[in-house]
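User: I am new to this structure and would like to learn how its features are read, one at a time. Could you take me through it?

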Amino acid sequence: MTTAPPPVVGPSPVAAGGRAGRVPARFVPVLVTFGLFVALFAVGGLRYEAFASGQVLLNLLIDNAFLVVLAVGMTFVILTGGIDLSVGSVVALSTMVTAAMLRAGWSAPVVIVAVLAGGALFGLAMGAVIHYLEIQPFIVTLAGLFLARGLCYLIDLSSIPITDPLFRDLSQTAIPLGEDMFLTPSVLVALAAVAVGAYVLHLTRFGRTVYAVGGNQQSALLMGLGVGRARVGVYVISGFCSALGGLLFSVYLLSGYSLNAVGMELDAIAAVVIGGTLLTGGSGYVLGSLLGVLVLGTVQTIISFEGTLSTWWVKIVIGLLLLAFVVLQRILAVGPRRRRAPAPAPSAPAGRTDPPQGDG
Amino acid sequence: MRELWRKPFWPLVVLLLLNLVLAPGFFAVRLQDGRLYGSLVDILHNGAPVALMALGMTLVIATRGIDLSVGAIVAICGAVTCAWIAASPDPTSPGAAIGGIGVALGLAVALGAWNGFLVSVLGIQPIIATLVLMTAGRGLAQLVTDGQIITVNNPLFSAIAGGELLAVPLTVIVAAAVYALVALATRRTALGTLVEAVGINPAASRLAGVRARTLIWTVYVFSALCAGVAGLMISSNVNAADANNAGLWLELDAILAVVIGGTSLAGGRFSITGTLFGALTIQTLTTTILSLGIPPEVSLVFKAVVVIVVCLLQSPKARALLGRRRRRRGAAGGAPPADPPPGPPTPDPDRADGAATPIPAQRSTP
């Protein structure tokens, strides 16, 4: 593995420590995402006068802060080779619980703690079922999707406004940043989530176990790593992030509504995939997911700047981007996948046995 | 054989028994204007689209794949058909309906071929390959309808969902026919075994001479075609195409039906009857909740509970945790063995305990 990957022009100056060059191919997806983001932003800047301003850039973060948090949690789950379909519903449930508890007269800090704990518990339950009862993550989190959305409707069918002063303040606070630019507290929370996520993944034992489990669960188990703790833990993290995203969402909208965030799990998964994380697990970065969210946000912004294009173009473009990145990953993965050939890649053999055709 | 209690039909039986107790009029079926009406007919009629999608999904899952795009294909097919009919010179003529249906089904085949291409030729993970179309497809459908709900008034098109043959709704007949055909094609020919072989080990099956790539491609095309027919039923049912909501989350229902039916998401084996029971279970649950007067939104909670319970009962690990006691009771219940050993009764050391004795005794009576 030390000398193998010449097929891609290695962007070696990445700060990967002394053993740079070992995994340059791993950074390629993230760099491509970054390049795409810059290119999209440049296109927007060239086409529209007011586009290339710092505030538009910051607005990407302001409008997508909750999605960034979701993508961080989703990255953890996908790194282990799992998937969490419940995040959108948990966001909606969190907004509903927040709004309902505030309406019932609970104080805001209590509500925040309760919602975060609830999200983590929800994730814990799903993770435990997935790991200890050996049921597919897809099905368990699908049940979680139904359950959380159904609980939303049980709380209230209509939208509940949030009038709590703390939430109002959080929503209206603008943190000035230079001249004519501002951030919101939500952005700081989202960026903190990214930082914490990156720290946990790269500098803690838990994080390294997450990568190991995603790379090869059997090997991780044989190495004596805490596979169970990692597999359950990622769903706890994802549940926590969903609840946090829900809190940010309720600050953003100042209301709770059962139909909030329908399909947001797909946005989160798309952001993670566009950010260069392999859905088979074991490879990817939280920073890439942040970039993935920014790319999605830029597409949306460009389409809203264009004005004449309708919103459904967002879906089509996101689908196309997803396709492009998946194909790119496939091309990049042909090398590494070959080396660990017996990995149970579900559909690899067709492409693996004759890669020249696979690329065309 | 020792596990009768976890066969796929019992959730449906439980639901129906529940209805027998809670809703006395549930089983009433009446004939009116040459068409059957009643809760049971409703279940079959409204369940037909999901049952069809689940059938296609079963084969896809049997090859160790998954097709997330079927809901989007439902929306696209409904949108294309209605747009075609609305744009034709005479929107009420049978020709317009046939043209629209033809274009829509052709498009469904093309979309299925696209999924199959991504999975079998490019070797992309099925879940992402079809996620592409799931995301973009609904956008495409909205592009076709221009974001509007297109309503049509075409007798032939309405007949897909509103028509009946010998008092039975056409949707039910179509779904039943497709099920029968697929059951015949997979269980009376080698096709089913080949599909399962691909699901167990694609590389090995290819080396054994199975055309894995063609098979994978075919199942995705078939799944999309089923979704296309389901889309026609759904849009014909309301005489309109709603690109936003038609088929929304139906892919999840379809996958659910397959899983409740006992087909493993890990691929390699499938059960057509199981899927049928799964689809009927989901629809019965929905109809039950409606007939009990519970707000339909809450049905999601019940659905989640049913999914969790059914999956727990099917999970080998969960069963092990539930204890051998229940399994033994299931064995003592005397489920007939699937394939009776025709030869001399060789004593099986595993079955030497008391629980196994009734089985040979039962078999010897006929």
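Analyst: Let us begin where the two chains meet, keeping in mind that this is a predicted model. The area buried between chain B and chain A is about 4,400 Å², and carbon and sulfur atoms give 78% of that area. In terms of residues, 54 of chain B are in contact with 48 of chain A.

User: How many salt bridges and polar contacts are counted between chain B and chain A?

Analyst: The number of salt bridges between chain B and chain A is zero, and the rule for polar contacts finds one residue pair across this interface, with both residues at pLDDT 80 or more. On the side of chain B that touches chain A, at least two residues come from each of several helices, namely α4 (94-121), α5 (126-145), α9 (202-207), α11 (250-260), α13 (299-314) and α14 (316-322) of chain B. The helix that gives the most to this side is α5(B), with 13 residues. Sorted by class, the side of chain B that touches chain A has 36 nonpolar, nine polar and nine charged residues.

User: Where are salt bridges found, then, and how should I read one?

Analyst: The general idea is that side chains of opposite charge can pair when their charged atoms come close. Over all chains, the structure holds two salt bridges. One of them joins A:Arg103 to A:Asp156, with the closest N and O atoms 3.6 Å apart. A:Arg103 belongs to helix α3 (residues 87-103) of chain A, while A:Asp156 sits in the loop between α5 (137-155) and β1 (160-161) of that chain, so the pair ties together parts that are 53 residues apart in sequence.

User: Are A:Arg103 and A:Asp156 buried or exposed?

Analyst: A:Arg103 has a relative accessibility of 54% and therefore counts as exposed, whereas A:Asp156, at 19%, counts as buried. A value under 20% is what buried means here. The other pairing is in chain B, where the side chains of B:Arg187 and B:Glu196 meet in a salt bridge at 3.5 Å, N to O. Here B:Arg187 is partly exposed, with a relative accessible area of 39%, and B:Glu196 is buried, with 16%.

User: What can be said of chain A as a whole?

Analyst: Chain A contains 15 helices and four strands, and 55% of its 360 residues count as buried. To read how the chain folds back on itself, one can look at the contacts in chain A with a separation of 6 or more, of which 73% are between residues 24 or more positions apart. The accessible surface of chain A comes to about 15,000 Å², and 67% of that surface belongs to carbon and sulfur atoms.

User: How would I read a single buried residue, and which residues does A:Asn64 contact beyond its neighbours in sequence?

Analyst: One can ask in turn which element holds the residue, how much of the residue is accessible, and what it touches. A:Asn64 is found in helix α2 (residues 54-79) of chain A, and is buried, with a relative accessible area of 9%. Leaving aside neighbours within four places in sequence, A:Asn64 is in contact with A:Val293, A:Gly297 and A:Gln300.

In chain B, the same steps can be followed for B:Ser236, which lies in helix α10 (residues 212-238) and counts as buried at 2% relative accessibility. With neighbours within four places again left aside, B:Ser236 is in contact with B:Phe157, B:Ser158, B:Ile160 and B:Ala161. B:Ser236 and B:Gly78 are 158 residues apart in sequence, yet their C-alpha atoms are 8.0 Å apart in space.

Notes. Residues are numbered from 1 along each chain as its sequence is written. Chains are lettered from A and ligands numbered from 1 in the order in which they are written. This is a predicted model: local features need pLDDT of at least 70, side-chain atom pairs count only at pLDDT 80 or more; totals for chains, interfaces and linings use all residues. Side-chain values use heavy atoms; hydrogens and water are left out. Contact means heavy atoms within 4.5 Å. Buried area is the accessible area (1.4 Å probe) that two parts lose on being put together, summed over both. A salt bridge is a side-chain nitrogen of Lys or Arg within 4 Å of a carboxyl oxygen of Asp or Glu. A polar contact is a pair of N or O atoms within 3.5 Å; within protein, one must be able to donate a hydrogen and the other to accept it, and residues adjacent in sequence count only if both atoms are side-chain atoms. Ala, Val, Leu, Ile, Met, Phe, Trp, Tyr, Cys and Pro count as nonpolar, Asp, Glu, Lys and Arg as charged, and the others, Gly among them, as polar. Buried means under 20% relative accessible area, exposed over 50%, partly exposed in between (1.4 Å probe, protein chains only). Accessible areas come from the Shrake-Rupley method with a 1.4 Å probe; for residues, only the protein chains shown count as cover.
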